[in-house]
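Hello,

Here is the structure I promised to pass on to you. Please open it alongside this email, and then read on for what turned up in it.

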Amino acid sequence: MQDDAASRDGGDAAAQHGAGAQRDGAAERDGAAERESAAEREAAVARDAAEEASAFSHPAVDPDVTMAYGDHPDQVIDFYAPRDPDPAVLTPLVVVLHGGAWRAPYDRRHITPFADFLTRRGFAVANVEYRRGEATHPAPGGAAIPAQGGPAAPGPDSAASSGGPVAGRWPDTLDDVAAALDALPALVREALPQADPRRMVVTGHSAGGHLALWAAARHLLPADAPWYTERPAPLRGVVALAPIADFQVAEKLDVCGGASRQFLGGEATFAERLPYADPVRLLPTGIATTLVQGRTDIVVPQAVAESYADAAAKAGEVVGLTLLEDVGHFPLIDPAADACAVVAEEIAQLAW
């Protein structure tokens, strides 16, 4: 009996030792996985910073003409004539809507090298400014929308964020984009007579990608929306670059520090304003649409674009989704990056 007891004690000790070894091994594996994950995140942030630095290393390019579509200083459009155009052929017009998480510090100047790049590809360009940022405005029913503090990036839409200005002005940001697009045909005839407003493609980056998709879907807005139109916009297409195309997915991923929620006025008005502002709810548009997305984008991750494309498919519309390997957020508007040439080609396929 003593031998049996000793055997059981030895077995128990061995089992405990084995369980302890398993726990130690699991803890070691978990620690290694955490270190590897942290290293990957660190590398992704460093890559994003390098891509951002490259995109913003180009000097701003002055327009050929600037025209106003309203009385506010931000209600202007910069026009860029195509380089070396064929005088016998009218040139397609690309409307550019800049990003920057709809935040006030990030204006149209940062995307002017991209606009110039497009002119060297044979396009006429209209670079739209719009009101952004910190002002508060009455909510429906007269209640004030509380100011929404939140992280803002060192550069437009950057993932590395610290405290800063509010994203967007409701309803001014959408008022301006609607007014600019409505005024464009007349303005472009005066500013760029060599451009053809009947061959117009809207493109936008990040928050500007949201605005591009939204501008093409105004005919699907609720009938009480001030921006509603009875007919689709006269566009050849939309090319949205890493767009904030699904606000609820963007919020789950904390895209640009909760910018979508800020834009819609905060928690109190987020849900009620989604039908008026969220592109994923405004489908199918009937307008040719392509999304261009970097697979390694940590600012507006791939999942946001995929959610929009999936929703379009469920609504019976095919939306192109071009996914670029080893490309993050900023190369899409960086004239020095191969991704920018891909964007120009996607625009050309719709415009010509």
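Let me start with a question: are D172 and R169 buried or exposed? Both D172 and R169 are buried. The two also form a salt bridge, in which the closest N and O atoms are 3.3 Å apart. Before going further, please keep in mind that this is a predicted model.

**The sheet**

A good place to get your bearings is the open sheet of 8 strands, which has mixed pairing and the order 1-2-4-3-7-8-9-10. Its edge strands, each pairing on one side only, are strand 1 (65-68) and strand 10 (320-324). On average, and ignoring direction, neighbouring strands of this sheet are turned by 20° against each other.

Within the sheet, have a look at strand 7 (residues 195-205) and strand 8 (residues 237-241), which pair in the parallel sense over 5 bridges. One residue to pick out there is H205, whose bridge partner in strand 8 is L241.

Strand 7 also contains R199. This arginine counts as buried because its relative accessibility is 13%, under the 20% cut-off. Leaving aside residues up to four places away in sequence, R199 touches V89, L90, T91, P92, L93, R236, A351 and W352.

**Helices against the sheet**

Helix 2 (residues 112-119) lies across strand 2 (76-80), strand 3 (91-97), strand 4 (124-128), strand 7 and strand 8. Its direction is at about 165° to strand 4.

Helix 3 (residues 172-191) lies across strand 1, strand 2, strand 3, strand 4 and strand 7, and it runs at about 40° to strand 2.

Then there is helix 9 (residues 338-351), with 14 residues. From its first C-alpha to its last, helix 9 reaches 20 Å, close to the 20 Å expected at 1.5 Å a residue. Its buried residues are A339, C340, V343, A344, E346, I347, A348, L350 and A351. What covers these buried residues includes helix 2 along with strand 3, strand 7, strand 8, strand 9 (289-294) and strand 10. One of the buried residues, A351, is also among the contacts of R199.

**Salt bridges**

How many salt bridges does the structure hold? There are 18 salt bridges, and a few are worth a visit.

D176 forms one with R131, the closest N and O atoms being 2.7 Å apart. This pair links distant parts of the chain, 45 residues apart: D176 sits in helix 3, and R131 in the loop between strand 4 and strand 5 (150-152). D176 counts as buried because its relative accessibility is 1%. R131 counts as buried too, because its relative accessibility is 14%.

R218 pairs with D182 in another salt bridge, where the closest N and O atoms are 3.0 Å apart. Here again distant parts of the chain are linked, with R218 in the loop between helix 4 (207-215) and strand 8, and D182 in helix 3, 36 residues apart. Which of the two is buried, R218 or D182? R218 is buried, because its relative accessible area is 7%. D182 is exposed, because its relative accessible area is 51%, and exposed means over 50%.

Finally, a network of salt bridges links D74, D78, R108, E129 and R132.

Enjoy exploring, and do write back with any questions.

Best wishes

Terms used
Residues are numbered from 1 along each chain as its sequence is written. This is a predicted model: local features need pLDDT of at least 70, side-chain atom pairs count only at pLDDT 80 or more; totals for chains, interfaces and linings use all residues. Side-chain values use heavy atoms; hydrogens and water are left out. Two strands pair if DSSP finds at least two bridges between them. Helices (H or I, at least four residues) and strands (E, at least two) are DSSP runs, numbered from the N terminus. Axes are lines fitted to C-alpha atoms, for helices over the stretch in contact, and angles run from 0 to 180 degrees between N-to-C directions. Contact means heavy atoms within 4.5 Å. The expected span of a helix is 1.5 Å times one less than its number of residues. Buried means under 20% relative accessible area, exposed over 50%, partly exposed in between (1.4 Å probe, protein chains only). A salt bridge is a side-chain nitrogen of Lys or Arg within 4 Å of a carboxyl oxygen of Asp or Glu.
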